[in-house]
Amino acid sequence: MTHKGTFRLETERLVLRRFSLNDAEAMFRNWANDPEVTKYLTWNPHGNITETRRVLKNWTDSYESPDSYWAIVPKSVGEPIGSISIVQRNNNVNSVHIGYCIGKAWWRQGYTSEALTELIRFFFEEVGVNRIDSRHDTRNPNSGKATRKAGMQYEGTMRQADVNNQGLGDSVTYAIIAKDYFAGKSPHPLIGKTASISRTVNGTDTAASMKSGTLPVFATASIIALMEQASCQCLSDCLDPGQTSVGTAIRIEHTAASPLGAQVTATAEITSVTGKKIAFSVTAHDSTGEIGYGTHTRFIVDEERFMKKAEGRK
């Protein structure tokens, strides 16, 4: 791992560059003074531009070392709208931890994932790291969408593992390792293939009906089943005669409740193919937005041999 500091980087819509003291006004105005931006961060909104100048002075002084703080500058805007940086590095395992924030006026426009995707490329291809990770508060799921869009995979949720401006909370970790990144540079033709399955929530789908809870809302078991159905559908036209796929692992976050009558749609996307092992990113939405996300693994098997082995367990 050869740290290179804060290089100027460029994407289709963005310039990622070093901060300068002249960025103080834009930083203060565009994000640093906004409590909505800092709601799930560890620093408070800046009360005045003097505080912003002090932070920028610390960042610009640190450019003499390998520390990395990029200004996110849309070409159409011409000034910083946020920051993305290396919050932590671990030379023992060649890893970096990335943190980011962006002004509210530019949320949900893909700028964060675009910046993160470029940093992932830079750190794997030019710096030579082995692992890149990021985390977010479970109460801030939109942050996780940016990491997933950039190709990072959900690794788990640590309970009461972080403290931010909302107090003690759970944190979700996403990561990508060099092996997976470079494998994706020459992707298997199935990677990126998607399929969706929809279902209207009825009485048999609820937590109360399944006795996994007491409320008449779409059960976690039901959302898992729908995600598996979407994954099966994704592979349905890829199997040879006599083959099927079986699920071997699924990890999800069920983030919102869907009532009776709601239409839920699960979508599965193939993210990696290793022999007969197929990995998926899975999400679920109802009419109001995302209700769950996670990862799923299936194996392609020979139906006859699989059932013969299963029957042998009687």
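## Strands, cores and helix crossings

Student: In which strand is the place of Gln-160?
Tutor: Let's start with this residue, keeping in mind that we are looking at a predicted model. The residue range that holds Gln-160 is 153-164. That range belongs to strand E7.

Student: Does Gln-160 count as buried or exposed?
Tutor: The cut-off to apply is that exposed means over 50% relative accessible area. Gln-160 has 57% relative accessibility, so the residue falls in the class exposed.

Student: What is the value of phi for Gln-160?
Tutor: Most residues other than glycine have a negative phi. Gln-160 is a residue other than glycine, yet its phi is positive. The angle is near 45°.

Student: Asn-94 also interests me; what is the value of its phi?
Tutor: Asn-94 lies in the loop between E4 and E5, and with a relative accessible area of 26% it is partly exposed. Its phi is positive in a residue other than glycine. The value is near 55°.

Student: Let's step back to the whole chain. What percentage of the residues of the protein chain count as buried?
Tutor: The protein chain has 8 helices and 13 strands, and its C-alpha trace spans about 70 × 45 × 35 Å along the principal axes. There are 314 residues to consider. The share that counts as buried is 43%.

Student: Among contacts with a separation of 6 or more, what percentage comes from residues 24 or more positions apart?
Tutor: Here we take the contacts in the protein chain with a separation of 6 or more as the total. Residues 24 or more positions apart account for a share of 66%.

Student: Which element gives the most to the largest nonpolar core?
Tutor: The largest nonpolar core has 34 residues, and Trp-70, Ile-84, Ile-120, Phe-123 and Ile-132 have the most contacts inside it. Elements giving two or more residues to this core include strand E2 (14-18), strand E3 (69-74), strand E8 (167-177) and helix H3 (111-127). With 9 residues, the one that gives the most is H3.

Student: How many residues are in the second, separate core?
Tutor: This core is separate from the one we just discussed. Leu-190, Val-201, Leu-235 and Ile-278 are included in it. Its residue count is 23.

Student: Which isoleucines are in contact with Ile-132, leaving aside its neighbours within four places in sequence?
Tutor: Setting those neighbours aside, the partners of Ile-132 include Val-96, Phe-123, Phe-124, Met-152, Tyr-174 and Ala-175. The isoleucines in contact with Ile-132 are Ile-98, Ile-120 and Ile-176.

Student: Now the helix pairs. How are H1 and H2 placed relative to each other?
Tutor: The axes of helix H1 (residues 24-32) and helix H2 (residues 49-62) come within 9 Å and cross at roughly 110°. Angles of 65 to 115 degrees share one class. H1 and H2 are therefore roughly perpendicular.

Student: How many charged residues does the contact of H1 with H2 have?
Tutor: The crossing of H1 and H2 is right-handed. Residues making the contact include Met-27 and Phe-28 of H1, and Leu-56 and Trp-59 of H2. Alongside 8 nonpolar and 1 polar, the number of charged residues is 2.

Student: How are H3 and H4 placed relative to each other?
Tutor: The axes of H3 and helix H4 (residues 141-149) come within 8 Å and cross at roughly 40°. An angle must be under 35 degrees to count as roughly parallel. H3 and H4 are therefore oblique.

Student: How many polar residues are in the contact of H3 with H4?
Tutor: H3 passes H4 in a right-handed crossing. Thr-112, Ser-113 and Leu-116 in H3 meet Ala-146, Thr-147 and Lys-149 in H4. With 2 nonpolar and 1 charged in this contact, the polar residues number 3.

Student: What distance separates the C-alpha atoms of Leu-239 and Ile-300?
Tutor: Leu-239 lies in the loop between H7 and E10, and it is partly exposed, with a relative accessible area of 23%. Beyond its neighbours within four places in sequence, Leu-239 is in contact with Thr-244, Ser-245 and Ile-300. Leu-239 and Ile-300 are 61 residues apart along the chain, and their C-alpha atoms are separated by 7.8 Å.

Student: And how far apart in space are Ser-236 and Gly-289?
Tutor: Ser-236 is found in the loop between helix H7 (220-235) and strand E10 (243-254), and it is partly exposed at 42% relative accessible area. In sequence, Ser-236 and Gly-289 are 53 residues apart. Their distance in space, C-alpha to C-alpha, is 27 Å.

Definitions and conventions
Residues numbered from 1 in each chain as written. Predicted model: local features only at pLDDT ≥ 70, side-chain atom pairs only at ≥ 80, totals over all residues. Heavy atoms only, no water. Axes fitted to C-alpha atoms, helices over the stretch in contact; angles between N-to-C directions. Helix = DSSP H or I, 4+ residues; strand = E, 2+ residues; numbered from the N terminus. Parallel < 35°, antiparallel > 145°, perpendicular 65-115°, else oblique. Left-handed = near helix turned anticlockwise from the far one by under 90°. Contact = heavy atoms within 4.5 Å. Nonpolar A, V, L, I, M, F, W, Y, C, P; charged D, E, K, R; others polar. Core = buried A, V, L, I, M, F, W, Y, C linked by side-chain atoms within 4.5 Å. Buried < 20%, exposed > 50% of the residue type's maximum accessible area, 1.4 Å probe, protein only.
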